[in-house]
Amino acid sequence: MSDFLMNTYHRLPVTFVRGEGSWLFDAAGKKYLDFSSGIAVNCLGHAYPPLVRAITEQAAKCSHVCNYYQSDVALAFAEKLVAACAPGGMKNVFLANSGAEANEGACKIARKYSLKKYGPGRHTIVTLRGSFHGRTITTLAATGQDKFHTTFGPFTEGFAHIPGGDIAALDKALDQKTVAGLLIEAVQGESGIVPQSVEFIEAAARLCAERDILLMCDEIQCGMGRTGTFLAFEQYRTADGACVDGKPLKADVVTLAKALAGGIPAGAVLAGEKTRAVFEPGDHGSTFGGNLIAAAAGLVVLETVNQSAFLAQIRGKGEMMMSEIRAWNHPRVKEVRGRGLMIGVDIDLDARPVLEAAVSKGLLILSGGTQILRFLPPYTISDSEIEQGLEIVREILNGN
Ligand SMILES: Cc1ncc(COP(=O)(O)O)c(C=O)c1O
């Protein structure tokens, strides 16, 4: 392990030198099948040729223009991204670099919206237990997991956490006098792939609308096609396409990052009708936000992923993976759950040794909680690669 990198991760002893499709290679040429996509980032696999082309062509033209001006590629990216999120009610976007930065932007929008309309004191942001929203002091405060609140206080004040699925707790927590926003992941990632129920999301949307509390969807891990629709919360509609008193479900703010530019750092805060004009000049900024290489890469991701046939194959592969694992009827597997290619497997043993064994057998998987395996393969993974990876997981669970 390097003396030069800070010791912030439980790194596994492998050093990658290149990638291709669903595979990463170490210096000795050993190949590893990637069921993790760099934690939901490399959605088109590694070194996807159109992405490589777009990045290199843009780098040769111009890599960065400061945000006091406009650039053709960032404008095109913003337009396409807003169009992709239009079914969720989005109207415009602030381009950022990471998920935590996107969520910081969302919290600022909620607080300013509320301050301007209702005056001081209505600034609380409610989030769910088990959520993960980032590593800055504010997004750690937003994160609903006590283990993240032990060391770095004092944290930004004004966050409250309630259990997901508990509509009575939600009703109580969404106090019209003190709460500015509700920040939720439709499918929680970090804590082990936990989809929220339709009833809970519907109640959240209804209560937020009634009380003028902003509904803010953190789609940083579950968005950008990962669950088989461009945004995961799009799936929270009743069968007739209606929800919330007969209207389609719309959010007030959506945050994106991770897969947004397929492996180049990028984040985004999108705003809906109510919130599109909250930020004014001087309110927010980011030197690298809207970086041209990230925008060029993001355009490729949007053009590739946001197609109904492409999204359908994500759902198909996810269903195949989940039904295959369920069909094992493995005594060590307690539950298989997920949406699209965002899959959690509860097992009755610690996940960490399973991860380590998988690496030694040439498979990269993630955990989500101590006894949960998390699979986030690239959307471009083939059926036979899925079979190969699952066979390795099964061998390990069998004790081999
Ligand atoms: C749902 C969610 N929100 C926010 C973040 C933070 O994103 P970043 O690491 O890009 O700051 C993550 C990262 O795992 C995440 O999964």
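This report walks through the domains, the ligand shell and one helix pair of a predicted model.

Let's start with the big pieces. The chain splits into domain 1, made of 16-34 + 308-397, and domain 2, which covers 51-305. Their C-alpha centres sit 27 Å apart. Where the two touch, domain 1 puts in 18 residues and domain 2 puts in 18 residues. On the domain 1 side, at least two residues each come from helix H9 (308-328) and from strands E13 (333-339), E14 (342-347) and E17 (372-375). H9 is the top contributor there, with 5 residues.

Next up is the ligand. It has 15 residues around it, and the ones that come nearest are Ser98, Gly99, Ala100, Ile220 and Gln221. Helix H4 (residues 99-118) supplies the largest share of this shell, 3 residues.

Now for a pair of helices. H2 (residues 49-61) packs against H8 (residues 292-305) at about 150 degrees, and their axes are 9 Å apart. Angles over 145 degrees count as roughly antiparallel, so that is how H2 runs relative to H8. The crossing of H2 past H8 is right-handed. On the H2 side, the contact uses Pro50, Leu51, Ala54, Ile55, Gln58 and Ala59, while H8 brings Leu292, Ile293, Ala296, Ala297, Leu299 and Val300.

Here is the residue make-up of the three places we visited:

| Place | Nonpolar | Polar | Charged |
|---|---|---|---|
| Side of domain 1 that touches domain 2 | 8 residues | 6 residues | 4 residues |
| Shell around the ligand | 5 residues | 7 residues | 3 residues |
| Contact of H2 with H8 | 11 residues | 1 residue | no residues |

Note on methods. Residues are numbered from 1 along each chain as its sequence is written. This is a predicted model: local features need pLDDT of at least 70, side-chain atom pairs count only at pLDDT 80 or more; totals for chains, interfaces and linings use all residues. Domain bounds come from an automatic or database domain assignment. Two residues are in contact if their C-beta atoms, placed from the backbone, lie within 7 Å. Helices (H or I, at least four residues) and strands (E, at least two) are DSSP runs, numbered from the N terminus. Ala, Val, Leu, Ile, Met, Phe, Trp, Tyr, Cys and Pro count as nonpolar, Asp, Glu, Lys and Arg as charged, and the others, Gly among them, as polar. A residue is near a molecule or strand if its C-beta atom, placed from the backbone, lies within 6 Å of it. Axes are lines fitted to C-alpha atoms, for helices over the stretch in contact, and angles run from 0 to 180 degrees between N-to-C directions. Angles under 35 degrees count as roughly parallel, over 145 as roughly antiparallel, 65 to 115 as roughly perpendicular and the rest as oblique. A crossing is left-handed if the near helix is turned anticlockwise from the far one by less than a right angle, and right-handed if clockwise.
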